[in-house]
Amino acid sequence: MNLHPPRMWLPPEPPDQVQRDAFEDEARAMREEYAAARPARLAVLATGPPLRDIDKAADCNCSCHPSPASSSLHEGGAECPCQLTAAERAERWDRLFEHLGETAEASEEAERERAELAAAAAELDVDAELRCPAFPFVVAGICDGRSFFLREKRGHWRVEVAADPDCADLWGTRGALGIEIAAGNAVDLCDADGTHSPVVALRLAVHAVRLSALRDICSHEQPSDESDRFCRRCGTPLDEAEQWHWPKPPAV
């Protein structure tokens, strides 16, 4: 785990009217360009595999159109949903639901993980739950009165706590200010057998929140000794003590 000096994460500024007008002008130009290119799309589609409805293909946004695509993608466009009848689409939905029914074991595994996470949260005296199982993976909750979350995506994770102590749900509150206190690689979240574990993630996040909170309020009082480079109570590097205080939210 890499516990680092806390830094503020600010929500992005909403676009102003000039930016919104520019976005709309760009979108309008793209729609006009797409409409003007329709004859060219029809010509390209005519050179590919036979299609049931070439007009629907010309207006389809799937990546298998308008050019004849790889045979591994909708059979070069011939099996694209835009080319299927209502009955064929319904039959594919039935197959999907059948497949989902076969994943009951995966659902049971998810329930087991949630139960283990609840037990670990009770042991740590925190409220926590698995918000997202993947893409991103998120464990969120309340630790010692402060909302927090751990988020992992693409092999990297970070822990944030709410800058506002009254924030009840940092992950679920739009525009809430977070203070990043720790980060690392996804391997840190694996248990002994190398499996990605929500319980390991929760323990890591709670440790990071509590240690960072201690460093934020610690007075670092100790005997004056030039040999001491770290606070004996919280482990903060004494020459970096000011950097470890949680930043204050900007004034509104």
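Let's start with a charge sitting on a ring: Arg215 lies over the face of Trp244, at 4.6 Å from the ring centre. Keep in mind as you look around that this is a predicted model. There is another pairing of this kind, where the charged end of Arg41 sits over the ring of Tyr34, 3.6 Å from the ring's centre.

**Two helices meeting**

Tyr34 and Arg41 turn up again when you look at how helices H1 and H2 meet, since both belong to the contact between them. H1 covers residues 17–36 and H2 covers residues 38–45. How would you describe such a meeting? Two packed helices are described by the angle between their axes and the distance between the axes. Here the angle is about 45 degrees, and the axes are 4 Å apart. That makes H1 and H2 oblique to each other, because an angle of 45 degrees is neither under 35 degrees (roughly parallel) nor in the 65 to 115 range (roughly perpendicular).

Which residues make the contact between H1 and H2? On the H1 side they are Tyr34, Ala35 and Ala36, and on the H2 side Arg38, Pro39 and Arg41. Sort them by class and you get four nonpolar residues, two charged ones and no polar ones.

**A pair of rings**

How many aromatic pairs does the structure hold? Just one. A pair of aromatic rings is described by the distance of the centres and the angle of the planes. For Phe149 and Trp171, the ring centres are 5.0 Å apart and the planes are at 70 degrees, so this pair is edge-to-face. Planes over 60 degrees apart are what earns that name.

Now find the two partners in the chain. Phe149 belongs to strand S4 (residues 146–153), while Trp171 is in the loop between strand S5 (156–162) and strand S6 (178–185). The pair therefore ties together parts that are 22 residues apart in sequence. Is each partner buried or exposed, or something in between? Phe149 counts as buried, at 4% relative accessibility, whereas Trp171 is partly exposed, with a relative accessible area of 28%.

**Backbone oddities**

Next, have a look at the backbone. Phe135 and Pro136 are joined by a cis peptide bond, with omega at about -5 degrees. You'll find Pro136 in the loop between strand S2 (127–133) and strand S3 (137–143).

Two residues other than glycine have a positive phi: Asp144, near 55 degrees, and His220, near 60 degrees. Asp144 is in the loop between S3 and S4, and it counts as exposed at 56% relative accessibility. His220 is in the segment after helix H6 (198–217), and at 14% relative accessibility it counts as buried.

**Along the chain and across space**

Finally, compare some separations in sequence with separations in space. The table gives three pairs, with distances taken between C-alpha atoms.

| Pair | Apart in sequence | Apart in space |
|---|---|---|
| Glu242 and Pro5 | 237 residues | 9.2 Å |
| Glu75 and Pro5 | 70 residues | 53 Å |
| Glu116 and Val209 | 93 residues | 21 Å |

Pro5 shows up twice, so to speak: its C-alpha is 9.2 Å from that of Glu242, and 53 Å from that of Glu75.

Where do the three Glu residues sit? Glu242 is in the segment after H6, and it is exposed, with a relative accessible area of 64%. Glu75 has its place in the loop between helix H3 (54–58) and helix H4 (86–101); at 49% relative accessibility it counts as partly exposed. Exposed means over 50%, so Glu75, at 49%, doesn't make it into that group. Glu116 is in helix H5 (residues 104–124), and is partly exposed too, with a relative accessible area of 36%.

Technical notes:
Residues numbered from 1 in each chain as written. Predicted model: local features only at pLDDT ≥ 70, side-chain atom pairs only at ≥ 80, totals over all residues. Heavy atoms only, no water. Axes fitted to C-alpha atoms, helices over the stretch in contact; angles between N-to-C directions. Parallel < 35°, antiparallel > 145°, perpendicular 65-115°, else oblique. Contact = heavy atoms within 4.5 Å. Nonpolar A, V, L, I, M, F, W, Y, C, P; charged D, E, K, R; others polar. Phe/Tyr/Trp six-rings, centres within 6.5 Å; stacked < 30°, edge-to-face > 60°. Buried < 20%, exposed > 50% of the residue type's maximum accessible area, 1.4 Å probe, protein only. Lys NZ or Arg CZ within 6 Å of the ring centre and 35° of its normal.
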